[in-house]
Amino acid sequence: MESVRCTTCSTRVLVEKYSEAHTSIQWLGDVDSACPQFAESHPRDGRARVPTCHNLQESIDGLTLSGQIGMSLRSYPIPGRLE
Ligand SMILES: [Zn+2]
């Protein structure tokens, strides 16, 4: 997995891309306090909603476009770690 930093809130996540439509994001640490957008997208009413940060999503898209995140040859996520 690749380590990606949100350009807006500096939250670090691990990303693995399997296809154009399938990107696996592994959130690390206390993202609720780290990323304001993530905290805002968190379900408060108990309904299932995938929390995300749009700025981070754009960072990932940009890295994918520039080829810095390659397509994974694996079909499942492997545990990542920060170095
Ligand atoms: Zn963010």
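1. Let's start with the metal. The zinc ion sits in a square planar site, with angles of 86 to 178 degrees among its 4 donor atoms. Keep in mind as you read on that this is a predicted model.

2. Which atoms hold the zinc ion? The donors are the SG atoms of C6, C9, C35 and C53, at 2.3 to 2.8 Å. Why square planar? The label applies because opposite donors have to be over 155 degrees apart and all others between 65 and 115. Along the chain, the donors of the zinc ion are spaced as C-x2-C-x25-C-x17-C.

3. Are C6 and C9 buried or exposed? C6 is buried, and C9 is too. Both also turn up in the largest nonpolar core, together with C35 and C53, so the residues that coordinate the zinc ion through their SG atoms count as core members under a rule that admits buried Cys residues.

4. That largest nonpolar core has 12 residues. Apart from the cysteines, it takes in V4, V13, V15, V31, F38, L56, I60 and I69. Two elements each supply at least two residues of this core: β2 (12–17) and α3 (54–65).

5. I69 is a core member worth a click. Leaving out residues up to four places away in sequence, I69 touches E2, V4, V15, K17, I60, L63 and T64. Among them, V4, V15 and I60 are listed in the core as well.

6. Now for G80, which lies in the segment after α3. G80 has a relative accessible area of 25%, and it is called partly exposed because that value falls between the 20% limit for buried and the 50% limit for exposed.

7. What does G80 touch, once residues up to four places away in sequence are set aside? The partners are M1, L14 and Q26. There is also a long hop in sequence here: G80 and V13 are 67 residues apart along the chain, yet 9.5 Å apart in space, C-alpha to C-alpha.

8. On the overall layout, the protein has 3 helices and 3 strands. Read from the N terminus, the order is β-β-β-α-α-α. Of the contacts between residues at least 6 apart in sequence, 53% join residues at least 24 apart.

9. Last, the surface numbers. The protein has 83 residues, of which 29% count as buried. Its accessible surface comes to about 5,600 Å², and carbon and sulfur atoms account for 50% of that.

Technical notes
Residues are numbered from 1 along each chain as its sequence is written. This is a predicted model: local features need pLDDT of at least 70, side-chain atom pairs count only at pLDDT 80 or more; totals for chains, interfaces and linings use all residues. Side-chain values use heavy atoms; hydrogens and water are left out. Donors are N, O and S atoms within 2.8 Å of the metal (3.2 Å for Na, K and Ca); water is not among the atoms, so sites may look incomplete. Four donors count as tetrahedral if all angles lie between 85 and 135 degrees; four count as square planar and six as octahedral if opposite donors are over 155 degrees apart and all others between 65 and 115; anything else is irregular. Buried means under 20% relative accessible area, exposed over 50%, partly exposed in between (1.4 Å probe, protein chains only). A nonpolar core is a set of buried Ala, Val, Leu, Ile, Met, Phe, Trp, Tyr and Cys residues joined through side-chain atoms within 4.5 Å. Helices (H or I, at least four residues) and strands (E, at least two) are DSSP runs, numbered from the N terminus. Contact means heavy atoms within 4.5 Å. Accessible areas come from the Shrake-Rupley method with a 1.4 Å probe; for residues, only the protein chains shown count as cover.
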